[in-house]
Amino acid sequence: VTLTPVTDSAWIFEVVAVNDNHNITPNPAITGRIQHWEEVFNNRVTGGGSTIGPVSPAAPRSPRWTWTGGNESWAQAAAALRPGGSPQIVQWSEVIN
């Protein structure tokens, strides 16, 4: 998966899963990548999720993973989210009848 954020300071969120009994690892060469979780099955990592960011300048990024073993079914999903505007505080009141 290769993503190109449309603006500076975007974040890339991604997840991966591989079928069967393989041990996956994120590509450590990607600057700013943080692995947040992993799925373990039979003492092997079979899935995980990470973020890359903030990404500046806006340029293609490829969050790659590797795994041991042969060719297996796998899935990867990723999204680039641009930064929002300034934070806004929302207030409300609740009336109990």
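These are short notes on a predicted model, covering a salt bridge, a hairpin, a nonpolar patch and one proline.

1. **The salt bridge.** A search of the whole structure turns up 1 salt bridge. The side chains of E14 and R33 form a salt bridge, at 2.7 Å from N to O. This pair links distant parts of the chain. E14 sits in strand β1 (residues 10-18) and R33 in strand β3, 19 residues apart. Both ends are covered: E14 is buried, and so is R33.

2. **R33 in its setting.** R33 belongs to strand β3, which spans residues 33-41. Is R33 buried or exposed? Its relative accessibility is 15%, so R33 counts as buried; the cut-off for buried is under 20%. The R33 side chain makes a polar contact of 2.7 Å with the side chain of E14. The side chain of S50 also makes a polar contact with that of R33, at 3.1 Å.

3. **What else touches R33.** Neighbours within four places in sequence are left aside here. R33 is then in contact with E14, P26, N27, S50, T51, I52, P63, R64 and W65. When you inspect R33 in the model, E14 and S50 are the side chains to pick out for the polar contacts at 2.7 Å and 3.1 Å.

4. **The β3-β4 hairpin.** How do β3 and β4 run, and how many bridges join them? The two strands run antiparallel, and 8 bridges join them. Strand β4 covers residues 44-55. One pairing to check by eye: E38 has G48 as its bridge partner in β4. The hairpin has 2 residues between the strands. There, N42 takes a positive phi near 50°.

5. **A nonpolar surface patch.** Which residues make the nonpolar surface patch? W11, F13 and L81 do, over about 280 Å². L81 is found in strand β6. At 45% relative accessibility, L81 counts as partly exposed. In a regular strand, side chains alternate between the two faces of the sheet.

6. **P83, after β6.** P83 lies in the segment that follows β6 (74-81). Its relative accessibility is 40%, so P83 counts as partly exposed. Where does P83 make contact, beyond residues up to four places away in sequence? It touches T7, D8, S9 and A10. W11 is worth a look here too. P83 and W11 are 72 residues apart in sequence, yet their C-alpha atoms are 7.7 Å apart in space. W11 also helps make the nonpolar patch with F13 and L81.

Methods:
Residues are numbered from 1 along each chain as its sequence is written. This is a predicted model: local features need pLDDT of at least 70, side-chain atom pairs count only at pLDDT 80 or more; totals for chains, interfaces and linings use all residues. Side-chain values use heavy atoms; hydrogens and water are left out. Helices (H or I, at least four residues) and strands (E, at least two) are DSSP runs, numbered from the N terminus. Buried means under 20% relative accessible area, exposed over 50%, partly exposed in between (1.4 Å probe, protein chains only). Contact means heavy atoms within 4.5 Å. A polar contact is a pair of N or O atoms within 3.5 Å; within protein, one must be able to donate a hydrogen and the other to accept it, and residues adjacent in sequence count only if both atoms are side-chain atoms. Patches are made of residues with over 30% relative accessible area and no salt bridge: like charges are joined within 9 Å, nonpolar side chains (Val, Leu, Ile, Met, Phe, Trp, Tyr) within 5 Å. Accessible areas come from the Shrake-Rupley method with a 1.4 Å probe; for residues, only the protein chains shown count as cover. A salt bridge is a side-chain nitrogen of Lys or Arg within 4 Å of a carboxyl oxygen of Asp or Glu. Two strands pair if DSSP finds at least two bridges between them.
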